[in-house]
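This report covers helix packing and the nonpolar core of one model. The sequence and structure come first.

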Amino acid sequence: MIASPSSPPPVATDAEPRAAASLRRRLREETRASHERLDGSFGGLERNGDLRDYGRFLRVNEACLAGAGAALEASGLLLRLPEVSTSARQAAASADLKAMDLRPIAPPLFPLPRPNLAEAIGIAYVLEGSRLGARQILKRLRNREQLESGGKFTTLFLEAAGEPDRFRSFMEAAEAIATTTHARDLAVSAADRTFQYFIGAVRITENASSNGE
């Protein structure tokens, strides 16, 4: 039934997102500060493909994909969305580190070792979104002389990002899983904690670099 202008507005149910915001919009807006802080940690890589930042970027991703990937497996989300598995990308990052003689770092403990499905959606949002960034970085690096000269420089991790339209498909599935306001609150919180997890790994690489590791 359509309410008339004089009728009271319909009562919102818990299945309706807060303020009619989509899950994707909430995730983007409510994790913006943490996301931008993480991106800023690799400013040279974002601007011009700085190779020192690229090495740090690989070390961070290789470590964090192991911890976050284990949490996704524990959540049961991979039974519904197997395509969000991190195993192939983590293996590619490990291969890049080996080829470039870069030492892996020990990741910090993941803050949500056994997330529920809603929390797993938030974790996967960060990891799936990072595929889009990887494609942009790969494009920048392919314009550098180091790649053309055949130097000791590999991009297996970036090449494992997949097609750009996969993120849209993931978000459509995520919206169908996290349908209540409470579930979306959990997803947003988990996404922000995942960004913070990556930021913590950045600090580890910075300390390792200062110690000559």
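Contact here means heavy atoms within 4.5 Å. Helices are DSSP runs (H or I, at least four residues), numbered from the N terminus. The model is predicted: local features need pLDDT of at least 70, and side-chain atom pairs count only at pLDDT 80 or more, while totals for chains, interfaces and linings use all residues. Residues are numbered from 1 along each chain as its sequence is written, and side-chain values use heavy atoms, with hydrogens and water left out.

**Helix 4 and helix 6**

Residues of the two helices that meet are tabulated here.

| Helix | Residues in contact |
|---|---|
| Helix 4 | Y54, L58, R59, E62, L65 and A66 |
| Helix 6 | R89, Q90, A93, S94, D96 and L97 |

By class, this contact has six nonpolar (Ala, Val, Leu, Ile, Met, Phe, Trp, Tyr, Cys, Pro), four charged (Asp, Glu, Lys, Arg) and two polar residues (the others, Gly among them).

**Core**

A nonpolar core is a set of buried Ala, Val, Leu, Ile, Met, Phe, Trp, Tyr and Cys residues joined through side-chain atoms within 4.5 Å; buried means under 20% relative accessible area, with a 1.4 Å probe and protein chains only. The largest such core has 59 residues, and those with the most contacts inside it include Y54 and Y125. Helix 7 (117–141) is among the helices that each supply at least two of its residues, and the largest share, 12 residues, comes from helix 7.

Leaving aside neighbours within four places in sequence, Y125 is in contact with residues including L27, T31, F170 and F195. T31 lies in the loop between helix 1 and helix 2 (32–40). T31 counts as buried because its relative accessibility is 1%.

Methods. Buried < 20%, exposed > 50% of the residue type's maximum accessible area, 1.4 Å probe, protein only.
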